[in-house]
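Biologist: I am new to this one. Please show me the model, and then let me ask about it.

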Amino acid sequence: MHDVVVVGAGPVGLFLACELALAGCSVLVLEKEPELRSPWKADPLGMRGLSAASVAAFHRRGMLHRLLTASGVDHAPDAASDTASDTDEPAPPRSAGHFAGVMLDPADIDVTALPFRLAGPASEGMMTTLEAVETTLSERAVELGVEIGRGVTVSDIVQDDEGVVVRAGEHAYTARWLVGCDGGRSTVRRLAGFAFVGSEPQFTGYVMLATVAGPSKLRPGFNLTPTGMYLHMPAKDYIGVLDCDGGAFDRSQRPTREHLRTVLRRVSGTDVTLDDVRLVSTFTDRAMQTTTYRQGRVLLAGDAAHIHSPLGAQGLNLGIGDAMNLGWKLAATVHGHAPDGLLDTYTRERHPVGASALDWTRAQAAAMNPDPYGQAVQQVIRDLIGTRDGTTYVYSRASGATNRYDLGDGHPLVGRDAPDLRLEDGTRLADLMHDGRGVVLDLTADRSLHASATRRDSRLRYAAGPARNDLGLRAVLVRPDGTVAWATAGRPDHPDFERTADRWFGAADGGEHA
């Protein structure tokens, strides 16, 4: 029996498997595809944008350099940060994305309005491919002892109070817990009976590798039109199209070249002709989410729990956030030292984030609608993005910079992603998190939290010393997923710290309390 079976060896399933194995769990990953590599995962079809929060997740587990190498990048997204001034003041991001096809200008982003942001190797997002992400995570998972079975199609699951049996043809796999990370058409979600609710599509999307007769007829880059949007990358033969057809195309059928030509001409407003279509896939902006992320001993993460359009590049980042949030909580539950109700906080914290992402993509679909209402909304969006405040707001929402879990009252940093504080000796907070434990960063002169923190050293790592830029903090408690659980700008309140540490990490080793 394994502690956990993860179904799906995409980025979310592999990241979760790494988190669980890092915490000492035995993990089996089952993936229906026989091979890791595929044209759909390589450049350009597999290109994806990682948010700063997702880059930080790789950084905190010591995998950022590997990911950069696999992505063909020879430096961190903010490479200058390690030689920056002692204050680690952040610079504007190099790129800012778009909202409903309206591009954001990075120069218009007010970085001082982004909460608790410091410069660092993971202070902004990056472009990569699914192949680079999965290669990085697969290699790390194997190093950690994760078993990965490819070419395995799950056909049934049965759970009881003690565990779960996963069947794949004639084979059966037993585990204490099962996590479905098997994508938008999740078999685990269907077999476990999760309710999946949401909204129907407004458009059909197409991505293809195709050559075009007279490619100059299509403008390169993002192009918003009265009938949709298209993206043209002529050097890579890549074309993406959003057709505001109410999701009418029958996606059970492969689109013909004639159909693709008709759609592209209608959306682009040109008489362009497709010479050759080598690969094509379709999608919609259907936005659905399960009502809970847990049913007994079965949990969901990533697209298995929520689907939406790719507008704003939310999906991969949302899934990595799920994996980071769930991993340490499920591992603590497996090992028997999870505080009461810890695993239930996974749904409580991540479901609102997923719902917000669905609404963010719905808003973009509405703004792209070609009817007079959609066009009026689009003009308002353009006017707002034309202001510094508007650009900053859209960037902060899309990048996740303003995400905050409701963890109760306290310092305004509580519930947010921890800034990458750097001690005077150059050690960063992310460096202290490579082993998957939580961190107590004590910036007081007398190391006042040393005794309390070290009583939990199997689950918490203690570090002390002055920081180059402490953001006015005197001490901070960071969960393994990078979320600030407790912080203070004054003298640490020991009883308050103990209550918070008990809430997330359980009683001190040996059951002792301060």
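Modeller: Here are some short questions and answers on a helix, a core, two strand residues and a pocket.

Modeller: This is a predicted model, so local features need pLDDT of at least 70, side-chain atom pairs count only at pLDDT 80 or more, and totals for chains, interfaces and linings use all residues. Residues are numbered from 1 along each chain as its sequence is written, and side-chain values use heavy atoms, with hydrogens and water left out.

Biologist: Where is the kink in helix 7 centred?

Modeller: Helices are DSSP runs of H or I with at least four residues, and strands are runs of E with at least two, numbered from the N terminus. Helix 7 covers residues 315-335 and reaches 30 Å from its first C-alpha to its last. The bend at a residue is the angle between axes fitted to the seven residues ending there and the seven starting there. In helix 7 the kink is about 30 degrees, and its centre is Leu326.

Biologist: How many of the residues of helix 7 are buried?

Modeller: Buried means under 20% relative accessible area, exposed over 50%, partly exposed in between (1.4 Å probe, protein chains only). Helix 7 has 21 residues. It is mostly covered, and the buried count is 19.

Biologist: Which residues of helix 7 does Val179 touch, given its contacts beyond four places in sequence?

Modeller: Contact means heavy atoms within 4.5 Å. Helix 7 spans residues 315-335. The contacts of Val179 include Val4, Leu16 and Leu299, and from that span Leu326 and Leu330.

Biologist: Is Val197 buried, exposed or partly exposed?

Modeller: Val197 lies in strand 11, residues 196-199. Its contacts, leaving aside neighbours within four places in sequence, are Ala287, Met288, Gln289 and Thr291. Its relative accessibility is 46%, so Val197 counts as partly exposed.

Biologist: And Thr225, buried or exposed?

Modeller: Thr225 sits in strand 13, residues 221-225. Beyond four places in sequence, it is in contact with Tyr230 and Val267. Its relative accessible area is 10%, so Thr225 is buried.

Biologist: Which helix gives the most to the lining of the second largest pocket?

Modeller: A pocket is an open set of points on a 1 Å grid over the protein atoms alone, where a 1.4 Å probe fits, with protein on both sides within 12 Å along at least five of seven lines; lining residues have an atom within 4 Å of a point. Helix 1, helix 7 and helix 12 each supply at least two residues of this lining. The top contribution is 5 residues, and it comes from helix 7.

How values were computed: Expected span 1.5 Å × (residues − 1).
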